[in-house]
Amino acid sequence: MIAVRICLLASLLAVSACGGAPSSGTPSTAPPARPSILLVTLDTTRADAIGPEARGVDTPAFNALAARGRRFRQAYTTAPETLPSHSSMMTGLYPGGHGVHENARHLADTHPVVAARLKDAGYRTAAFVSSFILARRFGLARGFDVYDDTLPAGQVERSSRATTDQALAYLGQASAPLFLWVHYFDPHTPYAPDAAVAAQYAKTPYLGEIAAMDEQLGRLVQAFDAHTGRQGTPSAIIITSDHGEGLGDHGEPQHGNLLYQSTMHVPLVVVGPATAAAVVDEPVSTRRVFHTILEWAGLEPADRSRRSLGGGASLAEGGEVVLGEAMKPFLGYGWQPQIMAVEGRQKAILAGKTEVYDVIADPAEEKNLGAGANLSPALRKALDDYPVPSPEAARAPENLSDEARRNLASLGYVSASTPPVVRTDAPRPADMVALFDTLEKASGLFVQERYAQVIPLLEKILTADPYNLDAELRLATAYSSLGQNAKALAAFKRAATIAPRSPDVRTYLALHYARGKDWHQAVPLLERIVAETPERLPAVEALAVVRERQGRIEEAIALRQKIATLRAPTAADLVRLGQLAMQAQQTTLAIESFEGARSKVGPGFTHDVELGVLYLSARRFTDARTALDRVPPSHPEYPMALFKRAQVSVLLKEPDSAARIARARQHADGTTRELIARERLFQ
Ligand SMILES: [Zn+2]
């Protein structure tokens, strides 16, 4: 059994005085009102960078909250990445349970989420997030009446000040009981604190970001307390972070690749009705945010109530081995999967071999107790039983648009292009830290299609890790895109040696052929890939282009319609589909496609001539008139627009049709002159 060490800072009487919640601890005959609940998640915030024990930074707002509630000194995230970690808080599950092991995946709609449970129970639910990583599309918006993921134009994050402004505006008119989740992103790279604190934290800009964020936390909590005061509801607050930041510890600059304390150990404070102010040293997982909120709302099923972090019951009853994982290097490159298990003061990391640390005596994890450490059977079993995901299954098709991919790249999150080859002698991520920076830079450059710059980085990666299929395929693609055929083919050959059965190798080779003068060699490859895996977007796209080149227009149209079911079509996609449909005389589809493009583009739409022609052939004369009237004289097809407009004018029996025919004649070009001469309507 885990030793529980709760040091009460105050007697219960004193707690009710400092608790701040109107009804806490006050006996009453009426059933206690359900509290309004505030969850604040601080992105990229290390446990030692915030709170009363933090060094080098002042965080008065966080400290004030800590004084009001339970401060957990050994809280752990479930994964050192934003989306997996938040998915755990929202579902109460480890990544093995909810299936989100990396950013840019999607939380499946089948998992019950805390917001939906509270909404069903009559709560108002609202979320304000500050990063593209948590955009609605990634699945965390379920159950929220309001999910504000608005970002400033062209940016991938929003400042804590701007997010707080939005949350405060909402709080001014929200009813109770309320569940409000606010996510701040400031401490994530790049470290560029507000001008107000920049000078003070010139040497530690990361801490400067935290200090500035803390100020916004203060504004938020004050407004939330005012809201619950106005509504006469108790107030319950949880504040934690989704993961820390390496800052060079164990060679890790940022987060996501390793399981050391710098990224896994997180701050956690729970302020709630009937929660005594205390400092807790028992290790806990932030997935228990889920159970805590449900308990506050009166929704926690009996068998799980022991997992609440805020209830009156002793934490020991919920005692469990705390787990965590960092699967990104495994899922991306096939390196050793990494699992963490913490019990009491002992922390074990399984990644090819087992490391053991006493995190109380040695929080920097400098002394690996290794094989000599006496692991408890529970800890050993937790490590052995942890479900390692299969790289194929974890990579359910997520057909991201180019824009989404670039957004993720600008945040440093580009997942591999292919599932890796899994092998038992794969490197341990902790031994490959020298490569993290290069891997990230290479991913960013690759997504930005800066192929000449990315090649030396990929070569460097492959020297250190010759079985890195992702790097080999990217290298082949980079050479292919630069027209260096022989080098591209050599890289494809090496990739096929690494992964003889990989459908990705075949796909990328086909794309290589489709790009060049040997495009006909791509045809059988693409046909086979699309037949086997009809959802494989890059292959479907390449086959659509190849079919056009072959003049097989009907098939190209069918493929483009398929693409539109795999990802949201862009305006350019719709224009191309419209043109093909027009060529194949599929008027209805052509009209639909151009109209779709026009609604995306707005006033900048340049295909009104086509639309006018199509409406005319569909005998939609007034629509044709409206479309053709939009064509400006500067348009290269203006003579055609005048000719078609004159036809419409005759058909609609407009009084100025003679003048329009004359104008069409006057501005005729080589094409329209002949058409006008033969037009019976004009005679
Ligand atoms: Zn994060």
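**Exercise 1. Work out how helix α10 sits in the structure, and name its surroundings.**

Step 1. Count the buried residues, where buried means under 20% relative accessible area, exposed over 50% and partly exposed in between (1.4 Å probe, protein chains only). In α10 (residues 289-296), seven of the eight residues are buried, so the helix is largely enclosed by the rest of the structure. Helices (H or I, at least four residues) and strands (E, at least two) are DSSP runs, numbered from the N terminus.

Step 2. Name them: V289, F290, H291, T292, I293, L294 and W296.

Step 3. Look for their neighbours, taking contact as heavy atoms within 4.5 Å. The buried residues of α10 pack against the helices α3 (82-91) and α5 (114-120) and the strands β2, β6 (178-184), β7 (235-241) and β8 (265-271).

Step 4. Step just past the helix: G298 has a positive phi of about 75 degrees.

A word on the source: this is a predicted model, in which local features need pLDDT of at least 70 and side-chain atom pairs count only at pLDDT 80 or more, while totals for chains, interfaces and linings use all residues. Residues are numbered from 1 along each chain as its sequence is written, and side-chain values use heavy atoms, with hydrogens and water left out.

**Exercise 2. Describe strand β8 and its pairing.**

Step 1. Check the cover: seven of the seven residues of β8 are buried.

Step 2. Sort the side chains. H265, P267, V269 and V271 point one way, and V266, L268 and V270 the other way. This fits a general pattern: in a regular strand the side chains alternate between the two faces of the sheet.

Step 3. Find the partners; two strands pair if DSSP finds at least two bridges between them. Strand β3 (residues 70-76) runs antiparallel to β8 and is joined to it by five bridges, with R71 facing V269 as its bridge partner. β7 is also antiparallel to β8, through four bridges, and there I237 has V271 as its bridge partner.

**Exercise 3. Which residues coordinate the zinc ion?**

Step 1. Collect the donors, meaning N, O and S atoms within 2.8 Å of the metal (3.2 Å for Na, K and Ca); water is not among the atoms, so sites may look incomplete. The zinc ion is coordinated by D43 (OD, listed twice), T82 (OG1), D242 (OD) and H243 (NE2), at 2.0 to 2.7 Å.

Step 2. Write the spacing in sequence: D-x38-T-x159-D-H.

Step 3. Place D43 and H243 on the chain. D43 is in the loop between β2 and α2, and H243 in the loop between β7 and α9 (261-264), so the pair links distant parts of the chain, 200 residues apart.

Step 4. Check burial: D43 and H243 are both buried.

**Exercise 4. How do helices α27 and α28 cross?**

Step 1. Take the axes, which are lines fitted to C-alpha atoms, for helices over the stretch in contact; angles run from 0 to 180 degrees between N-to-C directions. The axes of α27 (residues 638-651) and α28 (residues 657-666) come within 8 Å and cross at roughly 160 degrees.

Step 2. Classify the angle: under 35 degrees counts as roughly parallel, over 145 as roughly antiparallel, 65 to 115 as roughly perpendicular and the rest as oblique. The two helices are therefore roughly antiparallel.

Step 3. List the contact. From α27 come Y638, L642, F643, R645, A646, S649 and V650, and from α28 S657, R660, I661, R663 and A664.
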